[in-house]
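This report describes the fold, the nonpolar cores, one pocket and a set of single residues of a protein chain. Please keep the sequence and the model in view while reading.

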Amino acid sequence: GPLQQRVDRGHRALAAGRDVAAEILAVEVALHGPPGGADDPGVGLAACIGRALAAAGVPAGAVSTVAPSLAGSPGRDEAERRGIEAVLGRGTGRWLPVKHRTGETSSAAGGLQLAAVLAEHRLAVTTDGAIALLTSVSSEGMVGAALVRGWHHGRGDHGVRGADLPR
């Protein structure tokens with residue numbers, strides 16, 4: 001049959017005998033001005049990333065992969081890069097610019113960014129438990145950041161026990 005995924009609390013998935021593909025550690029969004037304006041979305045994205053890291057209890061140095069929206073719009077892309085680098089520094093982690101391969105997908109972009117991150121975790125056991133940052137900046141100034149910990153399925157339990165997952 002078709003591949004099906006579901007979103008569930010980690011402890012429920014483990015209790016039901018299902019694999020845990022990933023944990024969503026934090027999601028933060030905000031509205032700022034459009035790129036190039038006085039209310040810089042790059043600054044807003046940096047604040048979202050900082051709040052997400054704090055909410056998840058994750059240090060910036062623990063982020064191993066960045067999946068930015070980078071849509072090919074110079075103003076938006078520059079604001080997004082500035083926001084990410086303001087928090088993580090330059091050259092941090094492996095970047096997965098999904099839209100370079102898919103083109104502009106509008107509201108489907110976040111799902112494709114997450115799919116790319118999860119595919120990375122399935123491909124290499126070395127990514128088991130690694131943390132990825134997904135970001136987005138819109139032309140209108142909407143900014144968002146999500147932190148996801150992905151699991152490689154070759155290891156079985158991924159070192160995760162029900163007590164380790166949020167309820």
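The text below goes from the whole chain to its cores, then to a pocket, and ends with single residues.

**Basis**

This is a predicted model, in which local features need pLDDT of at least 70 and side-chain atom pairs count only at pLDDT 80 or more, while totals for chains, interfaces and linings use all residues. Residues are numbered from 1 along each chain as its sequence is written, and side-chain values use heavy atoms, with hydrogens and water left out.

**The chain as a whole**

The protein chain has five helices and five strands; these are DSSP runs numbered from the N terminus, with at least four residues for a helix (H or I) and at least two for a strand (E). Along the sequence their order is α-β-α-β-α-β-α-α-β-β.

The chain has 167 residues, and 40% of them count as buried. Buried means under 20% relative accessible area, exposed means over 50%, and partly exposed lies in between, with a 1.4 Å probe and protein chains only. About 8700 Å² of the protein chain is exposed, and carbon and sulfur atoms supply 55% of that area; accessible areas come from the Shrake-Rupley method with a 1.4 Å probe, and for residues only the protein chains shown count as cover.

Contact means heavy atoms within 4.5 Å. Taking the contacts between residues at least 6 apart in sequence, 68% join residues at least 24 apart.

**Nonpolar cores**

In soluble globular proteins, nonpolar side chains tend to be buried together. A nonpolar core here is a set of buried Ala, Val, Leu, Ile, Met, Phe, Trp, Tyr and Cys residues joined through side-chain atoms within 4.5 Å.

The largest nonpolar core has 18 residues, of which L45, I49, V63, L133 and L147 touch the most other members. Two or more residues of this core come from each of β1, α2 (41–56), β2 (63–67), α3 (74–88), β4 and β5. Helix α2 gives the largest share, five residues. Another core, of seven residues, lies apart from it and includes V117, L134, A146 and V148.

Beyond residues up to four places away in sequence, V63 touches L53, L88, T92, G93, I131, L133 and L147.

V148, in the seven-residue core, belongs to strand β5. With the same sequence neighbours left out, V148 touches A22, E23, L25, L114, A130, I131, A132 and L134.

**The second largest pocket**

A pocket is an open set of points on a 1 Å grid over the protein atoms alone, where a 1.4 Å probe fits and protein lies on both sides within 12 Å along at least five of seven lines; lining residues have an atom within 4 Å of a point. Grid points are joined across faces, edges and corners, and a volume is the space filled by probe spheres set on the points.

The second largest pocket has a volume of about 420 Å³. Its lining consists of 26 residues, and A109, G110, Q113, T135 and S136 lie nearest its centre. Elements giving two or more residues to this lining are β1 (22–31), α5 (109–123), β4 (131–137) and β5 (142–150). Strand β5 supplies the largest share, six residues.

By type, the lining divides into twelve nonpolar, ten polar and four charged residues. Ala, Val, Leu, Ile, Met, Phe, Trp, Tyr, Cys and Pro count as nonpolar, Asp, Glu, Lys and Arg as charged, and the others, Gly among them, as polar.

**Single residues**

The table gives C-alpha separations for four residue pairs.

| Pair | Separation along the chain | C-alpha to C-alpha distance |
|---|---|---|
| V148 and L25 | 123 residues | 5.5 Å |
| G42 and R76 | 34 residues | 8.4 Å |
| A116 and V98 | 18 residues | 7.1 Å |
| T126 and W151 | 25 residues | 9.7 Å |

V148 counts as buried because its relative accessible area is 4%. G42 is placed in helix α2 and counts as buried because its relative accessibility is 4%. Apart from residues up to four places away in sequence, G42 touches A79, R82 and G83.

A116 is in helix α5. At 22% relative accessibility, A116 counts as partly exposed. Its contacts outside four places in sequence are L96 and V98.

T126 lies in the loop between α5 and β4, and T127 is found in the loop between α5 and β4 as well. T126 is exposed, at 72% relative accessible area, whereas T127 is buried, at 18% relative accessibility. T127 touches E120, H121 and G150, not counting residues up to four places away in sequence.
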